[in-house]
Amino acid sequence: MTPSSNVPYSERANRLHSAAFRPLDETMRAAIGQVFTAAALVVLRDDDCRLDAAWGGIDADHPAHPDARFDFASVSKLFTTSTFLSLVSAGAVGLDDPLVAVVPEFGATGPRALDGGQNPHTREMLPVPDGVRGHTADPARVTFRHLLTHTSGLAPWRAVFEAAGPVPPPPTDPDPLPRGERWARGLAAICGYPFVGQPGDGVVRYSDLGLMLLGEAVARLHGTPGDLDPAIRARVLDPLGLRAIAYNPLRHGVAREEVVPTEFDALWRHRRCWGEVHDENACGVGGVAGHAGLFGTARELAAFGQAWLDADPRLGIAPDLMRASAQLQAETNGVRRGLGWHLKAEEGALCGDLFGADTYGHTGFTGTSLWIDPARRLVVACLTNRVYFGRDDTGIRSFRRTLHDLIVKAVTP
């Protein structure tokens, strides 16, 4: 028995052999109260559910359960990029089209200065490297391929929420500033920020700003400018029958007790984030953004992963484009990117060492992840609230590595 063996546990399905499940269960229980307070895990092998379970608690009175909804954080990006790729397949746009063809105001400033960017944790401006001082970048050169591969030269992060309006009220209260106005202010700010590199220089700089812009392009191509939600729902969620994945869950009738809380925001909102997106920029623009904001269950996230593994025609993405999306498109210092997907690095730090070399997936800052191993026909969706204890790495990387290696051992004969 582990010290935390009394952690609440519930399951919908468990077809793992008890000897294989035991170390996995012990790993989860040991992390409760140390790395996160709640977790849900779904393991699919050959489109067969081997495990669908949850550990920990939503709060003191509500144990976590398989239908609990977690803040996906950057795993939300997969739904934005999948929606965009369906539009490419439909002929509405091309991968190498310039962003300004759909969002012309992005290029209105003309060439912009380069700077060192902004630290997303301290919010301090970073020094301008000598190699870019005095240089400019032309926003008209940014293509959709650059956004998908994070090679646009855009800064990884800026404090968009500060430009979007005042601190939003708790999600149970009405917001006096309409969501459309929040997003319009945020978009105007993004369209004026300096770059940190040259568009298409091949350097991978993981950028939330790029996905926020991609989200607006998707909304406009879908015919709902300023509102990404209908596009993702029409092109991904509804076709796949994913009913529990949504932005702003409390504003859509979901009880707070069904949503797992995240961090206490002591710097901006001065409250625990519970039923509202943890990411400040997504929250500041109204909770709907291309880079973050979706909440959902591990079961439905795994179903989304299975759709990608199966090249499910309901996604509306051409098979050759799906294959290219999960293949190497850009790489910098071991960070390997497809079209929207993060590809397994040689050291396997994010998904363990035992997943196959062609594994692809994504992680979220709140402690979420989806990984797909095509060689094993394996899909793993793991949702946690690891930021509940703060933003420092309290062991999420080592937890992820251990967990995914144990899963491979559990499903491999």
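This is a short tour of a predicted model, stop by stop, with something to select at each one.

**Stop 1: the main core**

Start by selecting Phe79, Phe84, Phe304 and Trp308. These belong to the largest nonpolar core, which has 97 residues, and they touch the most other members. Keep Trp308 highlighted and bring up its surroundings. Beyond its neighbours within four places in sequence, this tryptophan is in contact with Ser82, Leu85, Leu315, Ile317, Met322, Ser325, Trp341, Tyr360 and Ile372.

Next, pick Ala31, Leu378, Ile396 and Val408. They sit in a second, separate core of 30 residues. As background, nonpolar side chains in soluble globular proteins tend to be buried together.

**Stop 2: the largest pocket**

Now switch on a surface and select Ser74, Tyr206, Asp208, Thr363 and Phe365. Of the 47 residues that line the largest pocket, these lie nearest its centre. To see which elements give two or more residues to that lining, colour β13 (335-337), β14 (342-343), β15 (360-364) and α11 (396-411). The space inside comes to about 1,100 Å³. If you colour the lining by class, you should get 18 nonpolar, 14 polar and 15 charged residues.

**Stop 3: the cavity**

How many cavities of 30 Å³ or more does a search of the whole structure find? The count is 1. To get there, select Trp183, Gly226, Leu228, Val288 and Ala289, the closest to the centre of the largest cavity among its 13 lining residues. About 100 Å³ of space lies in there.

Two helices are worth showing as cartoon here: α5 (179-190) and α6 (208-222) each supply at least two residues of the lining. The largest share, 4 residues, comes from α6. By class, the cavity lining splits into 7 nonpolar, 3 polar and 3 charged residues.

Before moving on, select Asp229, which is found in helix α7 (229-240). Not counting residues up to four places away in sequence, Asp229 touches Tyr247 and Val288; you have just met Val288 in the cavity lining. Is Asp229 buried or exposed? Its relative accessibility is 12%, so it counts as buried.

**Stop 4: the cysteines**

Select the cysteines and look for bonds between them: a search of the whole structure finds 0 disulfides. Why is Cys49 without a bond to Cys382? The sulfur of Cys382 is the closest cysteine sulfur to that of Cys49, but it is 14 Å away, which is too far for a bond. Cys49 is partly exposed, with a relative accessible area of 23%.

Then jump to Cys273. The nearest cysteine sulfur is that of Cys283, 6.9 Å away, and Cys273 is in no disulfide. A disulfide would need the sulfur atoms within 2.5 Å. Cys273 is buried, at 1% relative accessible area.

**Stop 5: two backbone oddities**

Finish with the backbone torsions. Select Asn248, in the loop between β8 (246-247) and β9 (264-265). What is there to see in its phi? The angle is positive, about 45 degrees, although Asn248 is not a glycine. At 14% relative accessibility, Asn248 counts as buried.

The last selection is Arg377, in the loop between β16 (368-373) and β17 (378-384). Arg377 also has a positive phi, about 55 degrees, without being a glycine. Its relative accessible area is 29%, so Arg377 is partly exposed.

How values were computed: Residues are numbered from 1 along each chain as its sequence is written. This is a predicted model: local features need pLDDT of at least 70, side-chain atom pairs count only at pLDDT 80 or more; totals for chains, interfaces and linings use all residues. Side-chain values use heavy atoms; hydrogens and water are left out. A nonpolar core is a set of buried Ala, Val, Leu, Ile, Met, Phe, Trp, Tyr and Cys residues joined through side-chain atoms within 4.5 Å. Buried means under 20% relative accessible area, exposed over 50%, partly exposed in between (1.4 Å probe, protein chains only). Contact means heavy atoms within 4.5 Å. On a 1 Å grid over the protein atoms alone, a cavity is a set of points where a 1.4 Å probe fits but cannot get out, and a pocket is an open set with protein on both sides within 12 Å along at least five of seven lines; lining residues have an atom within 4 Å of a point. Grid points are joined across faces, edges and corners, and a volume is the space filled by probe spheres set on the points. Ala, Val, Leu, Ile, Met, Phe, Trp, Tyr, Cys and Pro count as nonpolar, Asp, Glu, Lys and Arg as charged, and the others, Gly among them, as polar.
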